[in-house]
Amino acid sequence: MKIKDYIKLLKEIADKSPDAIVVSAADPEGNSYNEVVFSPAIFYYSKKDNSISDVPYNGYVEAICIN
């Protein structure tokens, strides 16, 4: 998902529930949840290696880490 699409969805939710807290699921099945406590950060992400870096590398794309 692109950050612009994510923000659009968040704005729609914030308009309806501005005081809602943000949580993240531990896995796709939703077996546990944790409150998001860290600010978003820009990293470089490799789908091939499933890894991140704070500096750009060949094959890495700019990504936003939300927690």
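The following dialogue examines how several descriptions of this predicted model are justified.

Biologist: What is the secondary structure of the protein chain, and which pattern does it follow along the sequence?

Modeller: The protein chain has one helix and five strands, and in sequence order the pattern reads α-β-β-β-β-β.

Biologist: What makes the protein chain more spread out than a compact globule?

Modeller: The globule rule gives 11 Å for 67 residues, whereas the radius of gyration of the protein chain is 14 Å. That value is well over the rule, so the chain is more spread out than a compact globule. Along the principal axes, the C-alpha atoms fill a box of roughly 40 × 25 × 20 Å. Buried residues account for 7% of the 67 residues.

Biologist: Why is Ser53 called buried?

Modeller: Buried means a relative accessible area under 20%. Ser53 has 11% relative accessibility, and therefore it counts as buried. Ser53 belongs to strand 4, residues 51-53.

Biologist: Which residues does Ser53 touch, leaving aside those up to four places away in sequence?

Modeller: Ser53 touches Phe43, Tyr44 and Tyr60. In addition, the side chain of Ser53 reaches the backbone oxygen of Val55 at 2.9 Å.

Biologist: Why is Asp27 described as partly exposed?

Modeller: Partly exposed is the class between under 20% and over 50%. The relative accessibility of Asp27 is 25%, so Asp27 counts as partly exposed. Asp27 is located in the loop between strand 1 (23-25) and strand 2 (33-35).

Biologist: How do you know that the side chain of Asp27 makes a polar contact with the side chain of Asn31?

Modeller: A polar contact requires a suitable pair of N or O atoms within 3.5 Å. The two side chains make their contact at 2.9 Å, so the distance satisfies that limit. A polar atom of the Asp27 side chain also lies 2.9 Å from the backbone nitrogen of Gly30.

Biologist: Where is Ile7 placed, and why is it called partly exposed?

Modeller: Ile7 is in helix 1. Its relative accessible area is 38%, and so Ile7 is partly exposed, since that class lies between under 20% and over 50%.

Biologist: What makes Ile7 eligible for the nonpolar patch on the surface?

Modeller: Patch residues need over 30% relative accessible area, and Ile7 has 38%, so Ile7 meets that cut-off. The nonpolar patch includes Ile7, Met1, Leu10 and Ile66 among its members, with about 930 Å² of accessible area for the whole patch together. Helix 1 (residues 3-16) contributes the largest share of the patch, six residues.

Methods: Residues are numbered from 1 along each chain as its sequence is written. This is a predicted model: local features need pLDDT of at least 70, side-chain atom pairs count only at pLDDT 80 or more; totals for chains, interfaces and linings use all residues. Side-chain values use heavy atoms; hydrogens and water are left out. Patches are made of residues with over 30% relative accessible area and no salt bridge: like charges are joined within 9 Å, nonpolar side chains (Val, Leu, Ile, Met, Phe, Trp, Tyr) within 5 Å. Accessible areas come from the Shrake-Rupley method with a 1.4 Å probe; for residues, only the protein chains shown count as cover. A salt bridge is a side-chain nitrogen of Lys or Arg within 4 Å of a carboxyl oxygen of Asp or Glu. Helices (H or I, at least four residues) and strands (E, at least two) are DSSP runs, numbered from the N terminus. Buried means under 20% relative accessible area, exposed over 50%, partly exposed in between (1.4 Å probe, protein chains only). A polar contact is a pair of N or O atoms within 3.5 Å; within protein, one must be able to donate a hydrogen and the other to accept it, and residues adjacent in sequence count only if both atoms are side-chain atoms. Contact means heavy atoms within 4.5 Å. The radius of gyration is taken over C-alpha atoms; the globule rule is 2.2 Å times the number of residues to the power 0.38.
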